[in-house]
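Please look over the sequence and the structure shown below before reading on. The report that follows takes up a few parts of the fold one after another, so it helps to keep the picture in view.

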Amino acid sequence: MAEFYKKTCYLFSFIVIVLLFAPVLFELMKYWRINNDYSHGFFIIPISIYMIWVKREKISALTPKPQWAGVLVMIVFSIFYVVSVIIKFHSLSHLSMIVLLIGTMISIFGWAITKELLAPILFLSFMFPIPSAYYVMITNPLKLFITNASVVIIQFFGIPIYQEGNLIFMPDLHLEVAEACSGIRSIYSYLMLSCLFAWFSKGIVKQTILISSAIPIAIGINIFRVSITGILSHYYGEKVAQGFFHEFTGIVLFGIGFGLLLIEYSLIKNRFRKTLN
């Protein structure tokens, strides 16, 4: 009877959380569908569930010890969440969702089990868009940096070129390093992947290397994309920087970046294993 009561409480808590989060989740799904920068959001919840499934044996071996501190967190952040949804303060509603989940886990399972669930819960943060103020603050310097670096590379190939901000002028055409080429999309996606690889890795050194490498890989890939687009546009016309070819190169280069992260993960994993042996 006690076991049935416990499972009923778990199921009820799960249903309440799903219903509470439903309005924000539906809005997020619409945003993922129309904004390519965050299309990876569709994969976040399934990946988080998979992370929990991987640790299922370790979690099931622990004894739930509900804590009243979790109830207090739930009450406070439920209020924050409801108010932020009503006034459309998205950053606060997203933060409240994560903290509310953590509080729920503490109140139902206790500290030990919540500790094992913490990484999958925090991983859910990648399904939220970057707050617009921070997005602009990050994107503009990135666009300028990538433009500057690309101009140097294009000039190396003897192509006459002139730069004004994030605009690149060449004979008979000009290119604009737009937000999509700023690297923010790649940085966010690569950070998500590197955090996942880091979670599978054991040891703070390996995890730090994997996570910190995501940013230079993303920036390097985008510098290469802008540079190769400029060089090919000079010889084959402005159509190279538009339409299918431009989108196709973006997909291919993103795949290359993912491959670099995967290779790095394999090398680090094997290297540290040999060192330990």
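## The sheet and the helices across it

Across which strands does H9 lie, and at about what angle does H9 run to E3? In this model, which is a predicted one, helix H9 lies across E2 and E3, and its direction makes an angle of about 165° with that of E3. Helix H7, for its part, lies across E1 and E2 and runs at about 175° to E1.

The strands named here belong to an open sheet of three strands, which has the order E1-E2-E3 and antiparallel pairing. E1 and E3 stand at the edges with a single partner strand each, so one side of each of these strands has no neighbour in the sheet. From one strand to the next, the twist averages 20°.

## How the strands are joined

Strand E1, which covers residues 162-164, runs antiparallel to E2 and is joined to E2 by three bridges. Two pairs of partners can be followed by name: Gln 163 has Ile 168 as its bridge partner in E2, while Glu 164 has Leu 167 as its bridge partner in E2. The hairpin of E1 and E2 has two residues between the strands, and in this hairpin Gly 165 takes a positive phi near 60°.

Strand E3, made of residues 173-176, is joined to E2 by four bridges, and these two strands also run antiparallel. Here Ile 168 appears again, since this residue of the sheet stands opposite Leu 175 in E3. In the hairpin of E2 and E3, which has two residues between the strands, Asp 172 takes a positive phi near 70°.

## The two faces of E2

Which side chains of strand E2 are buried, and which are not? Along this strand, residues 167-170, the side chains alternate: Ile 168 and Met 170 point to one face and are buried, whereas Leu 167 and Phe 169 point to the other face and are not buried.

## H7 packed on H9

Helix H7 (residues 132-156) and helix H9 (residues 204-236) also pack against each other, at an angle of about 50° and with 9 Å between their axes. With such an angle, H7 counts as oblique to H9. The crossing of these two helices is right-handed.

On the H7 side, the contact is made by Leu 142, Phe 145, Ile 146, Ala 149, Ser 150, Ile 153 and Ile 154, and on the H9 side by Ile 219, Asn 222, Ile 223, Val 226, Ser 227, Gly 230 and Ile 231. When the residues of this contact are sorted by class, 10 are nonpolar, four are polar and none is charged.

## H2 packed on H6

A second pair of helices can be read in the same way. Helix H2 (residues 41-54) and helix H6 (residues 111-123) pack at an angle of about 170°, with their axes 9 Å apart. This angle makes H2 roughly antiparallel to H6, because an angle over 145 degrees is counted as roughly antiparallel.

The residues that make the contact are Ile 44, Ile 47, Ser 48, Met 51 and Ile 52 of H2, together with Leu 117, Ala 119, Pro 120, Ile 121 and Phe 123 of H6. By class, nine residues of the contact of H2 with H6 are nonpolar and one is polar, and none is charged.

## Three single residues

Is His 94 buried or exposed? This residue, which lies in helix H5 (residues 90-109), has a relative accessible area of 11% and is therefore buried, because the word is used for values under 20%. If residues up to four places away in sequence are not counted, His 94 touches Val 24, Leu 28, Phe 128 and Pro 129.

Leu 253, a residue of helix H10 (residues 243-276), also counts as buried, at 7% relative accessibility. Leaving aside neighbours within four places in sequence, Leu 253 is in contact with Tyr 190, Ile 221, Phe 224 and Arg 225. Leu 253 and Ile 221 are 32 residues apart in sequence, and their C-alpha atoms are 6.5 Å apart in space.

Lys 88, by contrast, counts as exposed, at 61% relative accessibility. Lys 88 has its place in the loop between helix H4 (68-86) and H5, and its phi is near 60°, a positive value in a residue other than glycine.

Conventions
Residues are numbered from 1 along each chain as its sequence is written. This is a predicted model: local features need pLDDT of at least 70, side-chain atom pairs count only at pLDDT 80 or more; totals for chains, interfaces and linings use all residues. Side-chain values use heavy atoms; hydrogens and water are left out. Axes are lines fitted to C-alpha atoms, for helices over the stretch in contact, and angles run from 0 to 180 degrees between N-to-C directions. Angles under 35 degrees count as roughly parallel, over 145 as roughly antiparallel, 65 to 115 as roughly perpendicular and the rest as oblique. A crossing is left-handed if the near helix is turned anticlockwise from the far one by less than a right angle, and right-handed if clockwise. Contact means heavy atoms within 4.5 Å. Ala, Val, Leu, Ile, Met, Phe, Trp, Tyr, Cys and Pro count as nonpolar, Asp, Glu, Lys and Arg as charged, and the others, Gly among them, as polar. Buried means under 20% relative accessible area, exposed over 50%, partly exposed in between (1.4 Å probe, protein chains only). Two strands pair if DSSP finds at least two bridges between them.
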